[in-house]
Amino acid sequence: MLRYLRNLTTAGFSHFNGFIEYETQQAWWRTMDFRVRGWLYMTNDTPRQLAGYGVLRVEDGRWWNSVAVHPDQQGHGYGSFITHDLIGRHDSEIFSAIRRDNTAAMAMHHADDWREIEGPEPDRLIYLISRVP
Ligand SMILES: CC(C)(COP(=O)(O)OP(=O)(O)OC[C@H]1O[C@@H](n2cnc3c(N)ncnc32)[C@H](O)[C@@H]1OP(=O)(O)O)[C@@H](O)C(=O)NCCC(=O)NCCS
């Protein structure tokens, strides 16, 4: 399900925008071992629909988020809900790398008071830090 959603929304992501094969995803989860946590979110409809996912992974001592909302469900608050839920599940600050041309993700994080910090690719990406939960 995570891979399905990731491949549906791949254009928005900051690092890899290609199609992720099953084997590639399995290898990534094995590499990450216990350094990644992920949740799927469903709508309240009957029957429930897949709304999106939220993933937290630790790299270089920082916890980074990744959020995707199914294209049919975008614009209904799920992205913000998932982002808040990730913050609530975690006990320290969360980092986010957002491509400057990703209007939706930029708007979502700015609407939620994430603070911009310096990053290695300032022309392409902004690096954000969440408010403390
Ligand atoms: C980014 C993404 C998660 C946003 O999810 P969403 O459910 O559509 O967003 P929400 O409905 O919760 O909207 C959150 C805020 O962003 C704003 N927003 C959302 N899409 C927008 C768009 N295309 N243009 C401008 N603002 C937008 C909303 O108005 C809202 O602001 P508000 O709280 O001030 O009203 C979704 O577009 C997505 O899955 N994109 C592909 C994957 C991706 O880019 N992930 C980000 C990398 S971490």
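**Strands first.** I started at Glu 116 and looked for its bridge partner in β6, which turns out to be Leu 128. I'm working on a predicted model here, so I keep that in mind throughout. Glu 116 falls in β5, residues 115-117, and three bridges tie β5 to β6 in an antiparallel run.

Next I asked which residue of β6 is the bridge partner of Ser 96. Leu 128 again: Ser 96 has Leu 128 as its partner in β6. The strands behind that bridge are β4 (residues 95-99) and β6 (residues 125-129), antiparallel over five bridges. I noted Leu 128 down as a bridge partner of both Glu 116 and Ser 96.

**Cores.** I then looked up the largest nonpolar core, which has 13 residues. Tyr 41, Tyr 78, Ile 82, Leu 86 and Ile 94 are the ones touching the most other members. I checked where the core comes from: β2 (50-59), β3 and α3 each put in at least two residues. Leu 128 came back when I looked further, since a second, separate core of seven residues includes Leu 128 along with Met 108, Trp 114 and Ile 126.

I went back to Tyr 41 for its contacts. Leaving out residues up to four places away in sequence, Tyr 41 touches Ala 51, Gly 52, Tyr 53, Gly 54, Tyr 78 and Ile 82.

**His 70.** I found His 70 in the loop between β3 and α3. Is it buried, exposed or partly exposed? I count it as partly exposed because it has 18 C-beta neighbours inside 10 Å, and buried would take 20 or more. With residues up to four places away in sequence set aside, His 70 touches Leu 5, Leu 8, Leu 50, Ala 51 and Gly 52. Ala 51 and Gly 52 were also on my list for Tyr 41. I also took the C-alpha to C-alpha distance from His 70 to Tyr 127: 24 Å in space, with their positions 57 residues apart in sequence.

**Ligand shell.** Last, I went through the 22 residues around the ligand, where Gly 12, Gln 74, Gly 79, Ala 104 and Ala 107 come nearest. The elements giving two or more residues to this shell are β3 (62-69), α3 (78-89) and α4 (103-111). Which element gives the most? That is α4, with six residues. For the make-up of the shell, I have 10 nonpolar residues, 12 polar and no charged.

Definitions and conventions. Residues are numbered from 1 along each chain as its sequence is written. This is a predicted model: local features need pLDDT of at least 70, side-chain atom pairs count only at pLDDT 80 or more; totals for chains, interfaces and linings use all residues. A residue is near a molecule or strand if its C-beta atom, placed from the backbone, lies within 6 Å of it. Helices (H or I, at least four residues) and strands (E, at least two) are DSSP runs, numbered from the N terminus. Ala, Val, Leu, Ile, Met, Phe, Trp, Tyr, Cys and Pro count as nonpolar, Asp, Glu, Lys and Arg as charged, and the others, Gly among them, as polar. Two strands pair if DSSP finds at least two bridges between them. A residue is buried if 20 or more other C-beta atoms lie within 10 Å of its own, exposed if 12 or fewer, and partly exposed in between; C-beta atoms are placed from the backbone. Two residues are in contact if their C-beta atoms, placed from the backbone, lie within 7 Å. A nonpolar core is a set of buried Ala, Val, Leu, Ile, Met, Phe, Trp, Tyr and Cys residues joined through C-beta atoms within 7 Å.
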